[in-house]
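Here are three short exercises to work through with the model open beside you. Take each task in turn, try it yourself, then compare notes with the solution.

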Amino acid sequence: MALKLPFVPPKPPPMEKMKKDITQSEAWKSIFRHSYQDNQRNRALQIVDNVFLHLHPVRVPRHATNYSFTWGMGGITFLLFIHLTVTGIILMFWYRPTEAFAFQDMKALMNDVAFGPLLRNLHRWAAHSMVITVMLHMFRVFLTGSYKPPRQFNWGVGVILLLLTFLLSFTGYLLPWDQLSIWAVTVGTNMARSVPLQGSEGPFSNYLGLRPDNDIRFILLGGTQVGEPTLLRFYVGHCIFLPFIAATLMAVHFWRVRKDGGISGPVMNTKASEGAKYIAEKMATKRIAQIKGAPANGNGTAAPVKAPAAPKPAAAPVTAAPSAGAAPAPPPTAGGAKAPPPWLKK
Ligand code: HEM
């Protein structure tokens with residue numbers, strides 16, 4: 001006679017085991033490559049393992065995070081470029097670059113397409129903003145002296161990026177194909193007539209046999225006046241050619257920022273920075289002693305609580321022969337005060 005046993009449902013694997021099976025699997029480990037424990041190593045791995053984040057350095061000097069130094073203008077310019085690319089691609093769904101359709105398509109976009117005016121204005125405002133922010137970025141690079149070695153090459157790349165930004169703005173201006181755009185581009189391209197060695201009315205044009213139908217303006221317009229070939233040229237330039245070159249150069253620009261040692265910082269190892277460091281340390285020592293109630297020493301400064309490390313000598317030869325009018329070097333301070341930097345002694 002068969003023994004009838006009561007039904008016992010299979011025991012589910014314990015949660016801990018299940019978790020271990022999942023997190024130890026090959027698939028899991030191929031996606032999550034390190035633990036999330038908050039330590040220096042994992043924080044660094046988080047950056048280098050991520051396709052987007054790895055563009056940033058794992059560590060940056062503190063001053064690089066200071067907005068009042070960079071104004072964040074390079075980053076904002078890049079953000080606007082991304083924004084313009086996205087809104088520009090969406091605009092392409094409603095625009096045909098031909099004499100028959102261009103202006104009609106813009107009117108349809110403004111009157112018939114849902115959120116059309118918003119879309120168009122998002123693109124326009126960002127374009128105007130990018131021109132402003134790129135100029136502000138260049139201005140700040142100039143103010144902070146960041147064009148100096150080793151960053152001269154990146155300044156050069158920046159100058160081309162500035163020109164590309166202006167060209168993107170100029171070519172986009174023609175696309176609505178209204179009176180304003182046609183005449184603005186007519187005036188703008190007329191200037192090309194006078195370019196030396198390239199324009200039909202510029203210096204040396206006679207020697208080179210330049211005529212209105214073979215000079216630089218002709219190449220820009222695709223004819224002797226603004227017309228349908230101009231619209232097509234400007235459209236392709238605006239949507240493909242210029243953004244492609246700009247994106248490539250931006251990659252070079254960011255790569256160079258990394259290779260040049262990150263964002264430039266305050267000038268170090270100069271006579272001025274050593275002096276400033278010396279004075280700052282002296283003041284800090286005095287303040288700490290005041291807080292701790294230690295007696296002040298003879299020369300007006302408080303006795304230091306802990307002798308700070310001697311300042312590093314400047315890397316650059318900063319000790320020019322003292323001139324007749326140079327201030328006399330201060331004597332070594334008594335009462336345990338920190339010695340001045342070597343260049344002050346001379
Ligand atoms: C489309 C245009 C541009 C973009 C997207 C761009 C982007 C950036 C970004 C993100 C940085 C990092 C620091 C920061 O945000 O300030 C930077 C640094 C720099 N940019 Fe630009 N930039 C552009 C145009 C220019 C122009 C026009 C110049 C100068 C002619 C320039 C010269 C430099 C230099 C020299 C640095 C290094 C600055 C430093 O180390 O402090 N850039 N750029």
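**Exercise 1. Work out which secondary structure the protein has and in what order its elements run.**

Step 1: In this predicted model, the count comes to 14 helices and zero strands.
Step 2: Reading from the N terminus, the order is α-α-α-α-α-α-α-α-α-α-α-α-α-α.
Step 3: Now look at contacts between residues at least 6 apart in sequence: 62% of them join residues at least 24 apart.

**Exercise 2. Find the largest nonpolar core and the helices that supply it.**

Step 1: Start with burial, for which a residue needs 20 or more other C-beta atoms within 10 Å of its own. Of the 346 residues, 16% qualify as buried.
Step 2: The largest nonpolar core has twelve residues, including Met-106, Trp-177, Phe-234 and Tyr-235.
Step 3: At least two residues of this core come from each of helix H6 (102–111) and helix H12 (228–259). H12 provides the largest share, four residues.
Step 4: Another core, of ten residues, lies apart from that one; among them are Leu-80, Met-130, Val-134 and Ala-246.

**Exercise 3. Describe the shell around the ligand: which residues come nearest, and which elements give two or more residues?**

Step 1: The shell holds 28 residues, of which Gly-74, Ser-146, Gly-158, Leu-162 and Ser-264 come nearest.
Step 2: Two or more residues each are given by helix H5 (73–91), helix H7 (116–143), helix H8 (152–174) and H12.
Step 3: H8 gives the most, with seven residues.
Step 4: Sorted by class, the shell has 14 nonpolar, 13 polar and one charged residues.

Key: Residues numbered from 1 in each chain as written. Predicted model: local features only at pLDDT ≥ 70, side-chain atom pairs only at ≥ 80, totals over all residues. Core = buried A, V, L, I, M, F, W, Y, C linked by C-beta atoms within 7 Å. Near = placed C-beta within 6 Å. Nonpolar A, V, L, I, M, F, W, Y, C, P; charged D, E, K, R; others polar. Contact = placed C-beta atoms within 7 Å.
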